Amino acid sequence: EMEVEGEVEKKVVIVLEDPNVPSCATFHLNEEDHTLGNILRYALVKNKDVDFAGYTIPHPSEQAVYLRVQTARPDITAVEVLGQAIKDVTDMTTHVSQEYEKSLAKWRASGR
């Protein structure tokens with residue numbers, strides 16, 4: 001959730017989900033662009049339980065991403081695999097940040 005002019009706006013909203021088919025959903029990511037859309041799509045397609053993952057930006061002037069997810073198995077929901085993708089991306093960015101900090105400290109210690 002994020003606050004916008006005194007109101008709380010949800011960051012991620014499920015805009016299309018059939019209760020009878022929880023393995024398929026479309027998510028609206030507010031105030032996001034290709035950066036997050038593409039990295040989440042990448043993390044989703046790397047998951048063996050995902051049949052389809054794609055995103056679209058409705059209009060260049062609109063800061064929103066529509067992310068469509070379909071799982072390979074009916075017992076795994078689109079919400080579950082999106083949650084896993086977010087965790088995977090978080091883990092990956094944490095690792096990159098830690099490695100960068102280690103390398104920077106090593107470079108500074110070398111006196112260059």
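Student: In this predicted model, which side chain makes a polar contact with the side chain of Glu 32?

Tutor: Glu 32 is found in the loop between β4 (21–30) and α1 (34–45). Once neighbours within four places in sequence are left aside, its contacts include Gln 63, Ala 64 and Val 65. The side-chain partner in the polar contact, at 2.8 Å, is Lys 11.

Student: Is Glu 32 buried or exposed?

Tutor: The class follows from the relative accessible area, because buried means under 20%. For Glu 32 the relative accessibility is 18%, so this residue counts as buried.

Student: How many salt bridges does a search of the whole structure find?

Tutor: One of them joins the side chains of Asp 49 and Lys 48. Lys 87 forms another with Asp 91. For the whole structure, the search finds a total of 6.

Student: What is the N to O distance in the salt bridge between Asp 49 and Lys 48, and does each residue count as buried or exposed?

Tutor: The pair qualifies as a salt bridge because the cut-off between side-chain nitrogen and carboxyl oxygen is 4 Å, and the N to O distance here is 3.5 Å. Asp 49 has a relative accessibility of 15% and therefore counts as buried. Lys 48, with a relative accessible area of 71%, is exposed.

Student: Where in the structure do Lys 87 and Asp 91 lie, and what separates them along the chain?

Tutor: Their closest N and O atoms are 2.8 Å apart in a salt bridge. Lys 87 is partly exposed at 45%, and Asp 91 is partly exposed at 39%. Both lie in helix α2 (residues 78–109), and because they are 4 residues apart there, their separation is about one helical turn.

Student: Which residue meets Glu 99 in a salt bridge?

Tutor: The partner is 3 residues from Glu 99 in helix α2, which means a separation of about one helical turn. Glu 99 is partly exposed, with a relative accessible area of 33%, whereas its partner counts as exposed at 52% relative accessibility. With an N to O distance of 2.9 Å, that partner is Lys 102.

Student: Which residues are joined into one network by salt bridges that share partners?

Tutor: Side chains of opposite charge can pair when their charged atoms come close. The salt bridge between Asp 49 and Lys 48 involves two members of the network. Through shared partners, the network consists of Lys 48, Asp 49, Arg 73 and Asp 75.

Technical notes
Residues numbered from 1 in each chain as written. Predicted model: local features only at pLDDT ≥ 70, side-chain atom pairs only at ≥ 80, totals over all residues. Heavy atoms only, no water. Helix = DSSP H or I, 4+ residues; strand = E, 2+ residues; numbered from the N terminus. Buried < 20%, exposed > 50% of the residue type's maximum accessible area, 1.4 Å probe, protein only. Polar contact = N/O pair within 3.5 Å; in protein donor to acceptor, adjacent residues only side chain to side chain. Contact = heavy atoms within 4.5 Å.
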